[in-house]
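Colleague: I should like to learn how to read the features of a model such as this one. May we take them in turn?

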Protein chains: 2
Amino acid sequence: MTNPTAAMLVIGDEILSGRTREANAHHLAGRLEPLGIHLREIRVVPDDHAVIVEALNALRARHTHVFTSGGIGPTHDDITADAIAAAFGVGIDVRDDARALLQAAVGRDRTLTPEHLRMARIPHGADLIDNRISGAPGFSVENVHVMAGVPSIFVAMLDALLPGLEAGRPLLSGELRFEVGEGRIAAPLRDLAAEMPQLSIGSYPFRDGSGYGTNIVVRGTDRASIDRALERLAALRRSLP
Amino acid sequence: MTNPTAAMLVIGDEILSGRTREANAHHLAGRLEPLGIHLREIRVVPDDHAVIVEALNALRARHTHVFTSGGIGPTHDDITADAIAAAFGVGIDVRDDARALLQAAVGRDRTLTPEHLRMARIPHGADLIDNRISGAPGFSVENVHVMAGVPSIFVAMLDALLPGLEAGRPLLSGELRFEVGEGRIAAPLRDLAAEMPQLSIGSYPFRDGSGYGTNIVVRGTDRASIDRALERLAALRRSLP
């Protein structure tokens with residue numbers, strides 16, 4: 001069985017200018033891993049229609065799922081919904097069910113403004129993604145899932161979306177910490193990686209108050225293989241002077 | 001004058017699995033902005049030779065500079081240097097000056113291990129980037145600048161690299177905070193953006209203890225235009241009930 005793959009497309013000048021620190025990609029990565037959906041690429045692009053359309057078409061052709069964040073608010077620089085419609089070659093309009101969600105969020109007695117209605121514009125053929133925080137929905141077109149950039153709303157939309165997606169075989173992992181720099185264990189690690197190609201063996205150097213160290217992370221879908229690799233690593237650690 | 005553009009390529013499974021929170025892109029963005037180098041794209045890709053080569057070739061053809069982070073350590077999953085050589089179609093070997101830097105870092109009396117020497121493998125025709133932290137150098141091949149993923153080393157390499165790059169006209173910015181949601185000011189913002197196309201006017205909603213608010217950021221290369229836009233925004237803010 002081949003696990004589903006995913007890409008994330010982050011849309012927003014504010015990330016590229018250094019004004020805002022991107023937070024949603026790390027959250028998404030942590031949520032997909034236990035579902036067995038492999039996040040294979042993250043791209044951050046500016047609020048530029050042509051660039052967004054090109055990135056969307058490249059990523060949606062290549063991955064089971066594409067998750068986007070940013071650019072679905074009410075202002076002139078929120079151009080994601082139009083870019084999605086253009087990428088799929090479909091129309092886009094205010095939709096009654098999206099309008100009803102916004103009406104419920106602002107209250108029955110208030111009139112929706114043109115800015116509210118801008119957030120009810122949904123590409124034809126999309127499924128809405130619920131937003132329990134502020135009402136304005138995200139949406140999915142085929143394998144592209146369009147969500148807000150504000151982290152609390154991104155998290156809420158992901159909560160609504162993920163249970164409906166097809167999961168893969170869960171990715172499992174184990175980790176061992178070495179109190180030596182990675183150069184000291186590189187050779188046996190290379191041998192272990194060659195011997196167990198079904199696993200991914202990552203080496204993550206760090207430096208703290210007491211000097212250099214390395215975390216070794218073993219990942220795969222078979223628990224017994226991971227345990228065997230961890231035993232080998234523990235023996236290696238005991239053998240170090 | 002057209003400002004130079006840049007892309008960043010982050011290489012590492014650990015970001016995509018959610019294990020590590022990426023930190024270098026935000027630092028790079030903040031360093032490039034005052035130099036007038038426009039960061040236009042960030043990509044995160046796994047430790048996969050073919051994927052790295054393809055991303056490198058796409059980005060280096062499109063941008064003045066490409067900055068990479070990750071994958072230049074001593075272990076089997078550090079494959080960035082080979083991918084760079086492959087992308088440029090050049091050879092790669094241990095280089096004497098890189099070896100001398102590593103020898104100086106470990107001390108004259110110690111013998112370099114194969115793992116040290118792996119970090120002295122440099123694509124043909126590259127310029128080294130100094131690493132004041134741990135010795136092992138980064139390198140530039142044409143417009144691609146290859147740096148470490150460990151944040152303290154990435155920062156040190158950038159310190160060594162940036163003064164030698166051609167800068168553009170510095171990007172300037174100004175910011176004004178509104179204590180209303182962005183829907184309330186979307187229409188006048190759209191008008192202002194249409195009227196001053198030489199500026200980029202971004203709208204960044206937030207929510208804090210006291211409710212919804214919006215930061216408006218005005219960016220451009222002409223201080224007088226930015227000041228004019230900020231005066232208009234201040235007048236808008238005074239006019240709100």
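**Reading the model, feature by feature**

Modeller: Of the 241 residues of chain A, 54% count as buried. Please bear in mind throughout that this is a predicted model.

Colleague: How many helices and strands does chain A have?

Modeller: Chain A contains nine helices and 11 strands.

Colleague: What is the radius of gyration of chain A, and what would a compact globule of 241 residues have?

Modeller: For a compact globule of 241 residues one would expect a value near 18 Å, whereas chain A has 22 Å. Along the principal axes, the C-alpha atoms of chain A fill a box of roughly 75 × 40 × 35 Å.

Colleague: What share of the contacts in chain A joins residues 24 or more positions apart?

Modeller: Among contacts with a separation of 6 or more, such pairs account for 69% in chain A.

Colleague: Let us turn to the surface. How far apart are the mean positions of the positive and negative charges of chain A?

Modeller: Chain A carries 25 positive and 30 negative charges, and their mean positions lie 6 Å apart. The accessible surface of chain A is about 10,300 Å², with 51% of it belonging to carbon and sulfur atoms.

Colleague: How should one describe the relation between two copies of a chain?

Modeller: In general, two copies are related by a rotation about an axis together with a shift along it. Here, a turn of 180° and a shift of 0.0 Å along the axis lay chain A on chain B with an RMSD of 0.0 Å. The two copies are therefore related as by a two-fold rotation axis. Within chain A, the C-alpha nearest this axis belongs to A:Arg43, at 2.2 Å.

Colleague: Why can one say that the copies meet through the same surface?

Modeller: Because 100% of the interface residues of chain A are also interface residues in chain B.

Colleague: Now a single residue: is A:Val146 buried or exposed?

Modeller: Buried means under 20% relative accessible area, and A:Val146 is buried because its value is 0%. A:Val146 belongs to strand β8, residues 144-147 of chain A. Beyond its neighbours within four places in sequence, A:Val146 has contacts that include A:Thr68, A:Ile72, A:Ile84, A:Ile129 and A:Phe139.

Colleague: Which residues of helix α7 of chain B are buried?

Modeller: In helix α7 (residues 151-161) of chain B, they are B:Ile153, B:Phe154, B:Ala156, B:Met157, B:Leu158 and B:Leu161. The buried residues of α7(B) pack against several elements of chain B, among them β1 (5-11), α2 (24-32), β3 (65-69) and β8 (144-147).

Methods
Residues are numbered from 1 along each chain as its sequence is written. Chains are lettered from A and ligands numbered from 1 in the order in which they are written. This is a predicted model: local features need pLDDT of at least 70, side-chain atom pairs count only at pLDDT 80 or more; totals for chains, interfaces and linings use all residues. Side-chain values use heavy atoms; hydrogens and water are left out. Helices (H or I, at least four residues) and strands (E, at least two) are DSSP runs, numbered from the N terminus. The radius of gyration is taken over C-alpha atoms; the globule rule is 2.2 Å times the number of residues to the power 0.38. Buried means under 20% relative accessible area, exposed over 50%, partly exposed in between (1.4 Å probe, protein chains only). Contact means heavy atoms within 4.5 Å. Accessible areas come from the Shrake-Rupley method with a 1.4 Å probe; for residues, only the protein chains shown count as cover. Lys and Arg count as positive and Asp and Glu as negative; His and the chain ends are not counted. The place of a charge is taken as NZ of Lys, CZ of Arg, CG of Asp or CD of Glu. Copies are superposed by least squares on the C-alpha atoms of residues with pLDDT of at least 70 in both.
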